[in-house]
Amino acid sequence: REGVATQLRSILGVKVLLLVLAFVGMNGIAFITPYPSITRQLIFLVSISILFESSNLTLYSILRGWQRLEFESIGIIAGQAISLCFGVATLFLFHSLHLLVVGLILGNAANFLCAIMLMRRFHIPLAFSFSQSGLRQTFVAIIPFALAAVFTRVTGFVDSFLLSILGTETMVGLYSVPFKVTFALQFIPLGFAASLLPAMSALAEHDKKALARTFVKSSLYLFFIALPVAFGIAGLADRIIPEVFGAAYQDSVRAQRLLVLSLIFIFCNFPIGSFLVAVRRQSLNTTLLGVAMLTNIIVNVLLIPRFGIMGPAVASLVANALLFSLGFFFVARSIALPYDDILHGLAKALVAGSVMVATVMATKTLLPLLLVIAAGAIVYGACLLLLRAVTIDEFRQMIISLKYAKDTSPDTGVSS
């Protein structure tokens with residue numbers, strides 16, 4: 001832990017510098033642009049919340065490295081409860097946007113205090129180091145992760161941006177629904193990745209066979225989860241979109257059916273990214289994310305003028321499939337993988353998914369939407385158990401992991 005304390009001092013030194021730059025940059029840009037005063041005030045308050053949130057991610061990363069994620073889960077739940085209660089109360093009593101953002105600040109500040117107390121409990125000194133060698137070493141180490149974050153963020157908004165330039169504002173509005181439905185579910189693999197990376201990093205140093213088993217098992221688990229979600233939303237898109245978002249978004253159905261299939265690759269890309277970082281191939285992981293980003297941009301530019309909102313849906317599917325294929329290729333070159341186990345697991349999940357889709361399609365015009373979803377989930381889970389794709393204990397653990405992923409997934413982070 002002495003090594004952790006030494007590294008933390010340099011990391012906190014860099015963190016302070018970057019947070020000051022970010023705070024000054026956000027508010028400086030808001031000041032020189034012709035925003036109304038209320039917008040500038042809200043940006044100032046949001047920037048304070050970001051300071052706490054970013055600091056929380058750094059401090060909790062230490063406990064993640066020790067695979068003690070339960071503390072972060074408690075801190076996040078407590079902070080969100082404070083934000084929710086304060087926000088609801090202020091909306092009803094004062095109708096103030098300022099106080100609503102203050103609720104976010106209080107939640108993140110409470111989580112920050114929780115993180116500080118945990119540092120003291122584990123005897124981790126919080127000190128800053130601005131030594132030239134320490135800062136240089138830290139900056140070099142974070143470059144691949146910073147670029148990965150940039151590539152991920154660009155990939156996340158470039159489709160809507162290109163739609164606004166090459167298409168119309170109507171297209172942007174129609175595409176916003178399938179985009180939100182699809183990518184709102186990323187908290188699941190994000191939560192898994194938070195626990196996978198520390199475990200894989202430890203195994204990479206001592207037990208390559210166990211590392212391979214962990215990679216395969218986590219990838220199959222995420223595939224088992226992503227498959228019914230993707231197939232289910234694709235099959236029910238013509239009911240979900242008009243019933244949840246309104247008939248005005250009926251033209252989004254086709255794009256939703258195609259875009260949601262990206263989830264299968266998105267989910268499976270997270271174990272690949274965690275593996276590459278664990279074996280110290282983070283630069284390769286960043287390169288693959290950059291290739292996927294460029295592919296996404298190129299396909300969007302080619303398809304949007306001709307196919308409208310179907311263009312970004314195709315681009316996302318192609319880019320994520322490419323990222324998965326390249327990532328899996330490099331993983332397979334690094335460790336020996338049990339391909340028979342992988343193929344058997346995929347085949348059983350596909351059979352279960354097909355039976356689920358048949359159930360959903362047969363009942364979607366007969367039952368309320370929630371009952372159709374419930375029926376599909378029950379049939380899929382039963383098929384997995386009957387085909388012995390998972391045991392009852394593993395199935396129970398998957399359900400627990402889903403709840404845990406929601407609690408521990410960070411609000412910001414690098415996908416894959």
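## Surface, core and backbone features of a predicted model

S252 counts as buried, since its relative accessibility is 0%. The model under discussion is predicted.

S252 belongs to the loop that joins α8 (208-245) to α9 (253-259). Which residues are in contact with S252 when its neighbours within four places in sequence are left aside? They are L174, P178, I241 and I309. This loop serine, with 0% relative accessibility, therefore falls under the 20% limit below which a residue is called buried.

A contrasting setting is found at the surface. L84, V88, F92, L93 and F94 make up a nonpolar surface patch of about 590 Å². One of these residues, V88, is placed in helix α3, which covers residues 70-93. V88 counts as partly exposed because its relative accessibility is 37%, a value that lies between the 20% and 50% limits of that class.

The cysteines come next. How many disulfides does the model contain? The count is zero, where a disulfide would require two cysteine sulfur atoms within 2.5 Å. Two cysteines illustrate why. For C114, the closest cysteine sulfur is that of C85, at 17 Å, which is too far for a bond. For C383, the closest cysteine sulfur belongs to C268 and lies 20 Å away, so again the separation is too far for a bond. C383 is also classed as buried, because its relative accessibility is 14%.

Finally, the backbone deserves comment. Most residues other than glycine have a negative phi. H123, which is not a glycine, nevertheless has a positive phi, near 60°. R388 likewise is not a glycine and has a positive phi of about 60°. The table sets out the location and exposure of these two residues.

| Residue | Phi | Loop between | Relative accessible area |
|---|---|---|---|
| H123 | near 60° | α4 (97-121) and α5 (132-166) | 70% |
| R388 | about 60° | α14 (369-386) and α15 (392-408) | 72% |

Are these residues buried or exposed? H123 is exposed, because its relative accessible area of 70% is over the 50% limit. R388 is exposed as well, with 72%. Each is located in a loop between two helices: H123 between α4 and α5, and R388 between α14 and α15.

In summary, the predicted model has a buried loop serine at S252, a nonpolar surface patch that includes V88, no disulfides, and positive phi values at H123 and R388.

Key
Residues are numbered from 1 along each chain as its sequence is written. This is a predicted model: local features need pLDDT of at least 70, side-chain atom pairs count only at pLDDT 80 or more; totals for chains, interfaces and linings use all residues. Side-chain values use heavy atoms; hydrogens and water are left out. Patches are made of residues with over 30% relative accessible area and no salt bridge: like charges are joined within 9 Å, nonpolar side chains (Val, Leu, Ile, Met, Phe, Trp, Tyr) within 5 Å. Accessible areas come from the Shrake-Rupley method with a 1.4 Å probe; for residues, only the protein chains shown count as cover. A salt bridge is a side-chain nitrogen of Lys or Arg within 4 Å of a carboxyl oxygen of Asp or Glu. Helices (H or I, at least four residues) and strands (E, at least two) are DSSP runs, numbered from the N terminus. Buried means under 20% relative accessible area, exposed over 50%, partly exposed in between (1.4 Å probe, protein chains only). Contact means heavy atoms within 4.5 Å.
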